[in-house]
Structure formats: C-alpha cells, structure tokens
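Here's a quick walk through one protein chain and one of its ligands. Have a look at the fold before reading on.

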Amino acid sequence: MPHTTTLSSGCWEKAPTLIIFMGLSLLISIFIAFPPFVSATESFELTFPLGLDEDSVIIPKDNPLTKEKVELGKLLFFDKRLSQNETIACASCHMPSLAFTDGQPVSTGIHRQQGGRSAPTAINRIFSLQQFWDGRAATLEEQSVGPFVSPVEHGFLNHDELVNKINMIAGYRTMFQKVFGTEITINHVGKAIASFQRTLLSGNSPYDRFDYGGEESALTPAAQRGMKLFLGKARCTRCHSGFSFSDEKFHNLGIDWDTDHIDLGRYAVTKNPEQIGAFKTPTLREISRTAPYMHDGRFATLKAIVEFYDQGGIKNPHQDSLIIPLNLTDQEKEDLVRFLESLSGEGWQMTPPTQFPR
Ligand code: HEC
Ligand code: HEC
C-alpha cells in the first residue's frame, strides 16, 4: 500500500537525522553540565581612557594579559595572608581609595616598621620599564615580587616561604593550575600581580578632555594658565614630559640634602657618580590624591612643591642643572597648582575583592 510504504520509508529516511539530533543534544547537555577545561588565555581587553597612548604599553611577550591572570593578580594584591604574620597586603600601602598610595610620608609595613621611602602610586605602570624611585626593578614582574621579601613590608625571609604559604591554599593551587598550567612558582606570582597592575590606568582627566578632547570648558582659566606655565616658564616638562608626565629618567632635585640622612637613590643601583641622589621622575597623574610628596614624603601640599621648585630645589654638588629658580608670582604659583589638580581622572577606581580563595 502506497500510504504504508511512504510512511515506513519516511521513517527510515528520518531516522539518521533523529539520531544525529539526539546525539547533538546529548553532547550539548554534557558540555553545559561539565564545561571542558576552559583555555586560560581568554585575553583581557584594556580600555584606554582619553589621553593615554595605547602604543606605548609595555607587556612582555611571555606574559600576555588574560582575564583569569588579572583576576588572580588582583586577589594576590589584596590578600593579607601573603605576609609573614598575615597583616599586610600590597593594598595596605597601595590603597585604591588613595589612588594606590597610603597617605603616609613613609610606609608602615609588618610589625609597624617604617621604611625609608614614600609609597608611589601603582597606576599607569604599564607605560614604564623601570620601577621604584631608584628604578632598581627593570620590569613590573620583578617589582611585583620584591615587597614580599622586604623585612619592612611583607616580611618573608625568602620567596620559597611565600610560595609555600600560597601553596597551602587549595583555591590558589587550582587558580595557578588554570592560569599557568603548572604548580605555583615565584615567577608566576610576579606575572599575575604585574598583569593586575597593568590594568590600573589613569586618563580622561579634565586636562585630557581639554588637550586631547578639545573640550574648552574642561579646564578653568586658572588651570589653562597653569598649563602654559607648566610647559613654559616653570620648566616642568623638562622632566615631567609626555602623556605620562615622566621622562622615565633620574634627577637630583636636592631632596634629603638639607638633612643628615641622604638617600643616594639611583647611585646605589648604578654606582654612577652622576646619579648620586637622583630619583625617577614620577608621573603626575592623580597627583592631588597621592600626598604627601617626594621620595621622603616631605611635602603635604602641591603648594609646597611649587614653592620648592620656585626656589630652585635644594642646592647640592649633584643637583640636576635643569633645576633653577623660577621667579614665579603668587598668582602663577596658584595657577600651577590648579593645573596639577586637573590631572585626576579615571581607569583605576575599583572595588577590592571581599572573598579570597580557600
Ligand atoms: C609597607 C608598604 C608597602 C607594601 C606592603 C608594598 N609596597 Fe609597593 N611600594 C612601597 C614603597 C615605600 C615604595 C617605594 C620604594 C622604593 O621606590 O624604593 C613602593 C613602590 C612600589 C611600586 C613602584 C611604583 C613606581 O612608580 O616605580 C609598585 C608598582 C609597587 N610598589 C607595587 C607593590 C606591590 C605589587 C606590592 C605587593 C607585592 C607592594 N607594592 C607592597 C610601599 C609598599
Ligand atoms: C629636573 C627634572 C624635574 C623638573 C624640571 C621638575 N620635576 Fe617634578 N620631580 C622630578 C623628580 C626626579 C621628582 C622626585 C624627586 C624625589 O623624590 O627626590 C619629582 C617630583 C615631583 C612631584 C611629587 C610627585 C610625587 O608623587 O611625590 C611633583 C608634584 C612634581 N615633581 C611637580 C613638578 C612641577 C610642578 C614642576 C615644574 C615647576 C616640576 N615638577 C619640575 C623631576 C623634575
């Protein structure tokens, strides 16, 4: 019978499609129930606020930014368990609320001990090679593991002690395995923390909106006058140059030379006598949020900084010849401060993690 034949032949024709369909649904349900080992290389897309030069980023080839790595680095940055007595995290001295500084002239680390230098901001580190006031860390990876073995910071005797401590936390073992495909090593700790730090950006400040965005009203007339002084009469861009406001070089302004404890700065790293008392030109982005200022934290206000430069710094045999008295009027000093205040922007604000791996 044609009808039956059609029916039966139709059934046989549809059977393979049905089997394929059922097979596929089964595969999809398995995939949903047990997601396969997700590749740890989901890349992290940085969003650059206005004013920052994307082409100037420094990301080593062997440490690409990935979402999971940045997330791991963030946890390590905020986790107080990663100190000898579980009281200090990177974030203790680099607090998000103070644009990643600590508001102290010099930092207080483990056992309330004080170091000899002020904590600089950790923002826009992605644009720098040399890290620390004296540039002693040549990469951000190297910088990122230094504080753990400082007796006045995280207080571990050596990096093995730190790695052992992280290893005791099962949640971290899983995360390192996922991100790096191996057990925890100090290199991986450095890579993860450096990656997190590379995501801390600052741009789109009123200055950026004025200068790069062409938004005339973004800067007050006083700040605009201050900008002209910054570029001209006040000579600030001789060193605080480019979009990052740093020439990435080392200069002796004379900080310390009015005291009896002189920090030799870059000289201690290079032993080059021309660098006695020289320190890295710091970025000026977020500067109104990162007081007190200079490597010894001596100045509480931007006004005091401008006065210092106006007088030509502190004379000493090694002072940079770029530092000379400026003869600024009171109005000009005010205007310069207004300009410095216009360098606060966005790209670094965040909520610290509240839960850590167990
Ligand atoms: C006890 C306070 C303290 C702790 C804890 C601490 N830091 Fe710092 N940090 C400082 C001080 C002080 C400096 C400046 C030291 C120097 O330049 O010699 C600094 C410098 C830096 C710099 C260099 C910035 C620049 O412009 O060169 C970065 C980046 C940084 N710290 C990140 C970290 C990370 C990451 C951790 C955790 C592994 C950490 N810090 C832990 C106080 C601290
Ligand atoms: C010769 C190079 C040079 C010139 C010119 C210069 N600076 Fe600096 N600036 C530096 C260096 C180096 C430091 C850090 C010095 C230290 O701590 O010993 C610094 C520090 C600062 C700081 C403190 C930053 C912080 O995070 O603590 C501010 C603010 C600042 N300069 C603003 C200015 C202004 C405004 C001008 C122009 C009036 C100016 N600078 C001119 C090199 C320079």
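What follows covers the overall fold, one helix pair and the surroundings of ligand 2.

Keep in mind that this is a predicted model. The protein chain is made of 12 helices and 2 strands. Reading from the N terminus, the order of elements is α-α-α-α-α-α-α-α-α-β-α-β-α-α. The chain has 358 residues, and 35% of them count as buried. If you take the contacts between residues at least 6 apart in sequence, 68% of these link residues at least 24 apart.

Now for a helix pair. How do α2 and α7 sit relative to each other? The angle between helix α2 (residues 67-78) and helix α7 (residues 186-198) is about 95 degrees, and their axes lie 7 Å apart. Angles of 65 to 115 degrees count as roughly perpendicular, so that's how α2 and α7 are described. On the α2 side, the residues involved include Leu72, Leu76 and Phe77, and α7 brings in Val189, Ile193 and Phe196 among others.

On to ligand 2, which has 26 residues around it. Cys236, Cys239, Phe279, Tyr293 and His295 are the closest. The top contributor to this shell is helix α11 (residues 302-310), which supplies 3 residues.

Here's how the two sets of residues break down by class:

| Site | Nonpolar | Polar | Charged |
|---|---|---|---|
| Contact of α2 with α7 | 8 residues | 2 residues | 3 residues |
| Shell around ligand 2 | 18 residues | 5 residues | 3 residues |

Terms used
Residues numbered from 1 in each chain as written. Chains lettered and ligands numbered in written order. Predicted model: local features only at pLDDT ≥ 70, side-chain atom pairs only at ≥ 80, totals over all residues. Near = placed C-beta within 6 Å. Helix = DSSP H or I, 4+ residues; strand = E, 2+ residues; numbered from the N terminus. Nonpolar A, V, L, I, M, F, W, Y, C, P; charged D, E, K, R; others polar. Buried ≥ 20, exposed ≤ 12 C-beta atoms within 10 Å, placed from the backbone. Contact = placed C-beta atoms within 7 Å. Axes fitted to C-alpha atoms, helices over the stretch in contact; angles between N-to-C directions. Parallel < 35°, antiparallel > 145°, perpendicular 65-115°, else oblique.
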